[in-house]
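Subject: Structure handover

Dear colleague,

Please find the structure below for your own work. My notes on it follow directly after.

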Amino acid sequence: MDNDLDQLAEVMIDLGMVVEDVVHTGPAWDGIVVAEILDLRPHPEADRIQLVDVDAGDGQPLQVCCGAFNMKRGDLVPLATVGTTMPGGLEIGRRKLRGEWSNGMLCSPAELELTGDADGIMILDPGLAVGRPLAEALGADGDVLFDLDIEANRPDALSVAGVARDVAARLGVPFTLPSPKFPEAEQSVDALAAVDIEAPDLCPRFGVRVLHNVTIGESPSWMAARLVAAGMRPINSIVDISNYVMLELGQPNHTYDLELVPDGRLGVRMGRDGETLVTLDDVERTITATDGVIVDAEDRPIGLAGVMGGASTEISESTTSVLLEAAVWDRMTVARTSRRLGLRSEASTRFERGVDPHGIELALDRFVELAVDICGATVASGRIVAEGNLEPPRTVRVRTDRVNSLLNLELTTSEIADLLDPIGFTTRPVRMNGSETDPTPALADALDVIIPTWRPDSAIEVDVIEEIGRHHGYDKSGRRVPTPTQVGRLSPTQIARRRIRRALLGDGFSEAMPLPFLAPDDLANCGLEPNGLTLSNPLVAEESVLRTSLLPGLLKAVVRNQSHRNGPVRLYELGRVYEPADAELPHEHEMVAACASGFGPGRPSNGGSEAASTAAYAAVRSLYRLGAELGLRGLTISNQERPGLHPTRAATVRFRGQVIGEVGEIDPRVLDRYDIDGRVAWLQLELAPLVEVVNTPARYKQISLYPSSDIDLAFVTPDDVPATAVATTLSKTGGPLLQSVELFDVFRSPQLGRNQRSLAYRLRFQAPDRTLTDEDVAELRQSCIDAVASAHGAELR
């Protein structure tokens, strides 16, 4: 037996239904038998105990002391024999009670862990055989429960029938669905109920049946046991039948008290904003226009489509007439309503994944069959099935060579059909040349496959091929290494990222990786416009805004390092920012930013050199180093105020006439908000404009074998003359012999005059074919001096 179970579990796993556990279920009733009461008499020493003689199957009277008085001679009752261990752990022994021996215990439903009167003994059906084990007599023998993990793409496997169909196909055994049989009354359901679908896209099919003379009570023990094993709590016979049919066939259904539904008329429409409904859990729900609702003849909502019914039509113990409904709902509508209201149920899960629209009739009839048997119901003849927009079954052409190519097999068209037909995929052999006459299977090279309506997850050829692979067995597919269409390589953007990282690491920066989520006031604290997009479902409520700049995250990293006394830091980040756009989605693009902390206050108060100590100068120097490493020729900056940066120490960065970023020093007011000591250098660039240049192959340039000559020039210029403008003039004037221009000092002093400063540049000259003479260098020097003086009104110091 255990071997058979293990093999069955392996089959399920091989079919894609992961077996989480195999559990042996059933009541712990070993030692409990059916006994007949032979005689009852008072206990001579106790008023609340009587002596009961029972026949345990051997024809001999056996005395038992019992505190219940609800049985009589001839009744059949459960007897726990001596040595039995009860479900609750109690061990039954031969005991003397007030001088009388008790040879076992008569059991109540509660002691057997069944629903029922806990004070009275359980009275069994009179037709049971005396002495027979109770579990066997009640049909409650031990069962086996397979706990399956069903993936979202297998809605058909959310039922016993669906799993059985799959397993039967693999094992090659017949599979048939139940064929309910029950008597019907003369009165037609059309005279008792009606259905109107106002929203055909919401509800493809809606069916009802009517039951009368329903007696609501406890469910049979076999049904209650199966529901408990499936994780459901038995409630009453009608509710339990509803859940049982859903688990068995995968079709959710709902019951209404017919007396509470005016004229038995049900309608289907979309909700209206502001409507309310008290659901079965006694919670008042607010309905929106995106919810599907079921309404009565007066257009009042009495249920949320596919999610939960309303309390106003709920089945109660006094219900005698039942309006039974089984429908199919739009998957996304049910999903939206379920998620919005936080109502997840077995029914909504099935509707979200997909329910067979043609399974309604079987589910209605199966429910009725069980209700007739268990509740004594009578059934109005016929059923009502209304239809909305019902999609026809899909037909997909499956090519034999495509199947074998994807699965690495050598199946024939006939073998493929044999794998599909048992699971409901109807096949017809065809030839790909378009022949209209059906070829014999031996000549066919494809199949036209009609996808069953209980498989909404299958829509195209590869979906059907997946079914073929499942039932043939993926372990039978030959192993092969796929041949790539092209050799793998880094994308241009990946190459750019790596080169930028290397350049910044070489300049002494370490990479930081802040999260892209900010607190609502972070952008404003950084001097940036607080227009970041707010997330509706943030991971952390305190960080609900998407960043529009890399500045807040890096500043927080600086703060953290300072709080741990980690001295000055040089950090960079490559990351995405999210700027609001007119479209629904933000403008998402990638940037690179770098910051360096620990600089002094900047401009000396009494004159002197500031270049070596100012944050702004350090940021510009890092920019030009990065540009040189990446080959960004023509990179320029121009003084301009930038949000979050120092009013007079900020500039835009231009490349090929396009603004690609900013450089400078962080605004001291921003630093004060974050309690950061010293000044902080800042550089931020767009990544996209750099990608093309970084990926352009470097052009070979002859390296000169001759020595170079360096000269230093210091110019006194007005403050409003950008240092980059002077550098540009020097580069143009120096011509092809000028190899580099570097600003190495900025000096201020009262002796230079008001609003004047000294800019010192180092120029390197080198010729490719000769050693420059002193006369050559002097001539170049003078040309540069004259050009700067003429273009910028500068004086040589």
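Val577 belongs to strand 28, which covers residues 570-579; strands here are DSSP runs of E with at least two residues, helices are runs of H or I with at least four, and both are numbered from the N terminus. Because its relative accessibility is 0%, Val577 counts as buried, where buried means under 20% relative accessible area, exposed over 50%, and partly exposed in between, with a 1.4 Å probe and protein chains only. Leaving out residues up to four places away in sequence, Val577 touches Arg547, Thr548, Ser549, Leu550, His587, Glu588, His589 and Met591; contact means heavy atoms within 4.5 Å. Of these partners, Thr548 is 29 residues away in sequence, and its C-alpha lies 4.9 Å from that of Val577.

Please note that this is a predicted model, in which local features need pLDDT of at least 70 and side-chain atom pairs count only at pLDDT 80 or more, while totals for chains, interfaces and linings use all residues. Residues are numbered from 1 along each chain as its sequence is written, and side-chain values use heavy atoms, with hydrogens and water left out.

The chain as a whole

The chain has 19 helices and 38 strands. Its radius of gyration is 42 Å, whereas a compact globule of 797 residues would have a value near 28 Å; the radius is taken over C-alpha atoms, and the globule rule is 2.2 Å times the number of residues to the power 0.38. The C-alpha trace spans about 135 × 80 × 60 Å along its principal axes. Of the 797 residues, 47% are buried. Among contacts between residues at least 6 apart in sequence, 68% join residues at least 24 apart. The exposed area of the chain is about 40300 Å², of which carbon and sulfur atoms supply 49%; accessible areas come from the Shrake-Rupley method with a 1.4 Å probe, and for residues only the protein chains shown count as cover.

Cavity and pocket

Both searches use a 1 Å grid over the protein atoms alone: a cavity is a set of points where a 1.4 Å probe fits but cannot get out, a pocket is an open set with protein on both sides within 12 Å along at least five of seven lines, and lining residues have an atom within 4 Å of a point. Grid points are joined across faces, edges and corners, and a volume is the space filled by probe spheres set on the points.

The structure holds one cavity of 30 Å³ or more, and the largest cavity has a volume of about 60 Å³. Its lining includes Phe509, Arg570, Cys595, Ser622 and Trp682. Strand 29 (587-599), helix 15 (615-630) and strand 34 (679-686) each supply at least two lining residues. By class, this lining has nine nonpolar residues, one polar and one charged; Ala, Val, Leu, Ile, Met, Phe, Trp, Tyr, Cys and Pro count as nonpolar, Asp, Glu, Lys and Arg as charged, and the others, Gly among them, as polar.

The second largest pocket has a volume of about 1800 Å³. It is lined by 49 residues, of which Val620, Tyr624, Thr724, Ala727 and Leu743 lie nearest its centre. Elements that each supply at least two residues of this lining include helix 15, helix 18 (723-734) and strand 36 (738-748). The lining divides into 22 nonpolar, 16 polar and eleven charged residues.

Individual residues

Asp365 is found in helix 8 (residues 360-375) and counts as buried because its relative accessibility is 12%. Apart from neighbours within four places in sequence, Asp365 is in contact with Pro180, Phe182, Arg209 and Arg383.

Asp263, by contrast, counts as exposed because its relative accessibility is 68%. Asp263 sits in the loop between strand 12 (254-257) and strand 13 (265-270), and its phi is near 60 degrees, a positive value in a residue other than glycine. Asn755, also not a glycine, has a positive phi of about 55 degrees and is found in the loop between strand 36 and strand 37.

Gln702 lies in the loop between helix 17 (688-694) and strand 35 (709-718). The C-alpha atoms of Gln702 and Pro768 are 7.6 Å apart, with their positions 66 residues apart along the chain. For Gly93 and Leu772, 679 residues apart along the chain, the C-alpha separation is 118 Å.

Yours sincerely
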